[in-house]
Amino acid sequence: QVQLVESGGGLVQAGGSLRLSCAASGTIRYINDMGWYRQAPGKQRDLVAIITRGGIPNYADSVKGRFTISRDNAKNTVYLQMTSLKPEDTAVYYCNAKVGTIPWGGSDYWGKGTLVTVSS
């Protein structure tokens, strides 16, 4: 089994910054794509950013230029540096990892989520 534990959420004023972390543990051969999703109240869960095992990132248009995703493969950890935060960034942020026995694809694992609240 694989566990993902997020940390770093909290309350911040608009224009501020937060850094989220997500550490994976358990029976792991390959962690392939890792990513962050978010879900605001009453809305669906949407992709925020994703990063390949080789470090290639992709971002939702709404966060491009403000958020940076990175990972440390040695620590099985993914980060999300969030700057210039807006009230509309308020959501529960979930970490996702695709874990498998080969270096592509894999099964989806999710963290329990961390709440980010941006006040205006």
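This is a short talk through the fold of one protein chain, from its overall layout down to a few residues in its core.

Okay, hi everyone. One thing up front: what you're looking at is a predicted model. Keep that in mind as we go.

Let's start with the whole chain. How many helices and how many strands does the protein have? Zero helices and eleven strands. So if you read along from the N terminus, you just get β after β, right through to the end. The C-alpha trace spans about 45 × 25 × 25 Å along its principal axes. And the radius of gyration is 14 Å, which agrees with the value near 14 Å for a compact globule of 120 residues.

A couple of numbers on how the chain packs. Of those 120 residues, 39% count as buried. On the outside, the protein exposes about 6,400 Å², with carbon and sulfur atoms supplying 50% of that. Now take contacts between residues at least 6 apart in sequence: 54% of them join residues at least 24 apart.

Next up, the disulfide. There's one in this model, and it's between C22 and C95, with the sulfur atoms 2.1 Å apart. Where do these two sit? C22 is in strand 3, residues 18–26, and C95 is in strand 9, residues 91–100, so the pair links distant parts of the chain, 73 residues apart. Which hand does the disulfide have? The torsion about the S-S bond is about -80°, so this one is left-handed. Are the two cysteines buried or exposed? C22 counts as buried because its relative accessibility is 0%, and C95 is buried too, with a relative accessible area of 0%.

Let's stay in strand 9 and look at the residues on either side of C95. One is Y94, in strand 9. Y94 counts as buried at 14% relative accessibility, since the cut-off is under 20%. Skipping its neighbours within four places in sequence, Y94 is in contact with a list of residues including E6, W36, Y37, R45 and W110. There's also a distance to keep in mind here: Y94 and A49 are 45 residues apart in sequence, and their C-alpha atoms are 11 Å apart in space.

The other is N96, also in strand 9. N96 is buried, with a relative accessible area of 2%. What does its side chain do in there? The N96 side chain makes a polar contact with the side chain of D108, at 3.2 Å. Leaving out residues up to four places away, N96 touches L4, D33, M34, G35, Y37, D108, Y109 and W110.

M34 is on that list, so let's follow it. M34 is found in strand 4, residues 30–39, and counts as buried at 1% relative accessibility. Besides N96, the residues M34 touches include A49, I51, I69, R71 and V78, again not counting those up to four places away. Take R71: M34 and R71 are 37 residues apart in sequence, yet 8.1 Å apart in space, C-alpha to C-alpha.

R71 brings us to strand 7. In a regular strand, the side chains alternate between the two faces of the sheet. Strand 7 shows that pattern: F67, I69 and R71 point to one face and are buried, while T68, S70 and D72 point to the other and are not.

Who does strand 7 pair with? Strand 7, residues 67–72, is joined to strand 8 by six bridges, and the two run antiparallel. You can pick out facing residues if you rotate the model: F67 stands opposite M82, and S70 stands opposite Y79. Between strand 7 and strand 8 the hairpin has four residues, and N76 there takes a positive phi near 50°.

Strand 8 has another partner as well. Strand 3 and strand 8 pair in the antiparallel sense over six bridges, with L20 standing opposite L80. How covered is strand 8? Mostly: five of its six residues, within 77–82, are buried.

And that closes the loop, because strand 3 is where C22 sits, linked by the disulfide to C95 in strand 9.

To recap the route: we had an all-strand chain with eleven strands and zero helices, one disulfide, a buried N96 in contact with M34, and strand 8 pairing with strand 7 and with strand 3. That's it from me, thanks for listening.

How values were computed. Residues are numbered from 1 along each chain as its sequence is written. This is a predicted model: local features need pLDDT of at least 70, side-chain atom pairs count only at pLDDT 80 or more; totals for chains, interfaces and linings use all residues. Side-chain values use heavy atoms; hydrogens and water are left out. A disulfide is a pair of cysteine sulfur atoms within 2.5 Å. Buried means under 20% relative accessible area, exposed over 50%, partly exposed in between (1.4 Å probe, protein chains only). A polar contact is a pair of N or O atoms within 3.5 Å; within protein, one must be able to donate a hydrogen and the other to accept it, and residues adjacent in sequence count only if both atoms are side-chain atoms. Contact means heavy atoms within 4.5 Å. The radius of gyration is taken over C-alpha atoms; the globule rule is 2.2 Å times the number of residues to the power 0.38. Accessible areas come from the Shrake-Rupley method with a 1.4 Å probe; for residues, only the protein chains shown count as cover. Two strands pair if DSSP finds at least two bridges between them.
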